[in-house]
Amino acid sequence: PLPPHVGAAPETPVRGAGPGAAPPTAPRRSGVQVLLLALGVVLLSVAAMVFLFFAFVVADLEMRSLITAAVSVIVLVLAWFLRARRLPGTAEGVSAVGAVLLVLDAWIIRANGLFGTERVESAAYWGAALLVVAAVLAGAGILSRLRLPRLAAAALAPAGVFLGGFAIAPDDEVATGLWLGGTAVALLGAASRFIGPRPERIIVRTFGFTGGGIALATAAWALPSVGLGAFWSFLAVALVWAVVLIASPSSAAGTSGWRVLASVAVGLSVPLAFVLGIALDRGTTTVWLAPGLAALVTCAIAATRRMGAVRRDALPALLAASAVALAATLPALLIALGGLASLASDVIGLWALSATA
């Protein structure tokens, strides 16, 4: 019998199987392929513009708006196609055009009063429109794995929520509208912890903290038609900031900047609810009631520092509440010093009269 190796086909060496072989690289596109792809994109864009021009000539306003929306969707689909063809830079640029077209279409609908939008309040319309655009861009970004549509959605969604909250308030209560819009955006920022990509999460959280600051700044003038309106508005702001504090990221190395800002906001809003919401409505007793209530709130926050779970977060709130209590004490201190000066002046006058008698 023949040996096993006799008559067998020679083995072909496998490329890259030996030690030290270079790892397989991704296939590179030739210049001709890139040129043909770019030429196809240009021709498709020209065809879309020609179609859009003729459609605008023969169509009415509502059909023009629908055509613009359809072109925006086509542009986003084109961006997805480019991303699938491993041209991410070009795809991101094309998706930016689609985002702009969607916002422009929303403006065209409002400017021309199409589909009965003239009967809708401006803030309510833009709130709903921006939320719809943000939802479309977010869906397009998730499906196409493009970053720019998701970033645009993260920026447009808080604006839509703010305008929607502002539209709920009566027309003559601007401060209430700002307070409602800021509160809604702050809650949206608290929900940003469930957003996966970090840049989008930071954008939404930044807008949320900005909205919470607007709510805190306008709470003193919110709800003017409600009894103790300032008290309830500041209390609602404190509750919202507490939710933001719980949802803010924590670090094992120490308290993060997000949690410090949220803790300071809680420490400001709780004593302000009692100082501006209750004490200022009590007439002549305001001077003494305001610092007393602020001091009680400060003591309550100081007591929470003994709780291990919130010890680190309670210190910024305690410092902020102490500042409010100190500011509330100043009027009473000035009045007391003025009374002591008047009393001293009377005593000195009586002493001078008795000395000359």
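Is Phe274 buried, exposed or partly exposed? Phe274 counts as partly exposed, because its relative accessibility is 25% (buried means under 20% relative accessible area, exposed over 50%, and partly exposed in between, with a 1.4 Å probe and protein chains only).

## Basis of the model

The model is predicted, so local features need pLDDT of at least 70 and side-chain atom pairs count only at pLDDT 80 or more, while totals for chains, interfaces and linings use all residues. Residues are numbered from 1 along each chain as its sequence is written, and side-chain values use heavy atoms, with hydrogens and water left out.

## Overall architecture

The protein chain contains 11 helices and 0 strands. Helices (H or I, at least four residues) and strands (E, at least two) are DSSP runs, numbered from the N terminus. Along the sequence the pattern reads α-α-α-α-α-α-α-α-α-α-α. Of the 357 residues in the protein chain, 35% are buried.

## Nonpolar core

In soluble globular proteins, nonpolar side chains tend to be buried together. Here the largest nonpolar core has 25 residues (a nonpolar core is a set of buried Ala, Val, Leu, Ile, Met, Phe, Trp, Tyr and Cys residues joined through side-chain atoms within 4.5 Å). The residues with the most contacts inside this core are Trp179, Phe234, Val237, Trp241, Val244 and Ala262. At least two core residues come from each of α6 (174-190), α7, α8, α9 and α11 (311-356). Helix α8 gives the most, with 8 residues.

## Aromatic pairs and a charge over a ring

A pair of aromatic rings is described by the distance of the centres and the angle of the planes. The structure holds 5 aromatic pairs. Rings of Phe, Tyr and Trp (its six-membered ring) pair if their centres lie within 6.5 Å; planes under 30 degrees apart count as stacked, over 60 as edge-to-face and the rest as tilted. The pair of Phe231 and Phe274 is edge-to-face, because the ring centres are 5.5 Å apart and the planes stand at 70°. This pair links distant parts of the chain, with Phe231 in helix α8 (residues 229-247) and Phe274 in helix α9 (residues 257-275), 43 residues apart. Phe231 is buried, with a relative accessible area of 10%, whereas Phe274 is partly exposed at 25%.

Ring pairs also join Phe209, Trp241 and Trp258 into a cluster. Trp241 is in addition one of the residues with the most contacts inside the largest nonpolar core. Over the ring of Trp258 sits the charged end of Arg205, 5.5 Å from the ring centre (a charge sits over a ring if NZ of Lys or CZ of Arg is within 6 Å of the ring centre and within 35 degrees of the ring normal).

## Salt bridges

The structure holds 3 salt bridges, each defined by a side-chain nitrogen of Lys or Arg within 4 Å of a carboxyl oxygen of Asp or Glu. In one of them, the side chains of Glu200 and Arg147 meet at 3.6 Å, N to O. This pair links distant parts of the chain, Glu200 in helix α7 and Arg147 in helix α5, 53 residues apart. Glu200 also forms a salt bridge with Arg150, with the closest N and O atoms 3.7 Å apart. Arg150 lies in helix α5 and Glu200 in helix α7, so the pair ties together parts that are 50 residues apart in sequence. Arg147, Arg150 and Glu200 are thus linked in a network of salt bridges. Within this network, Glu200 counts as buried at 4% relative accessibility, and Arg147 is partly exposed at 35%.

A further salt bridge joins the side chains of Glu118 and Arg119 at 3.5 Å, N to O. Glu118 is partly exposed, with a relative accessible area of 48%, while Arg119 is exposed at 69%.

## Backbone exceptions in loops

Most residues other than glycine have a negative phi, and most peptide bonds are trans. Arg145 is not a glycine, yet has a positive phi of about 60°. Arg145 lies in the loop between α4 (122-144) and α5 (147-168) and is exposed, with a relative accessible area of 59%.

Leu228, likewise not a glycine, has a positive phi of about 55°. Leu228 is found in the loop between α7 (198-218) and α8 and counts as partly exposed at 30% relative accessibility.
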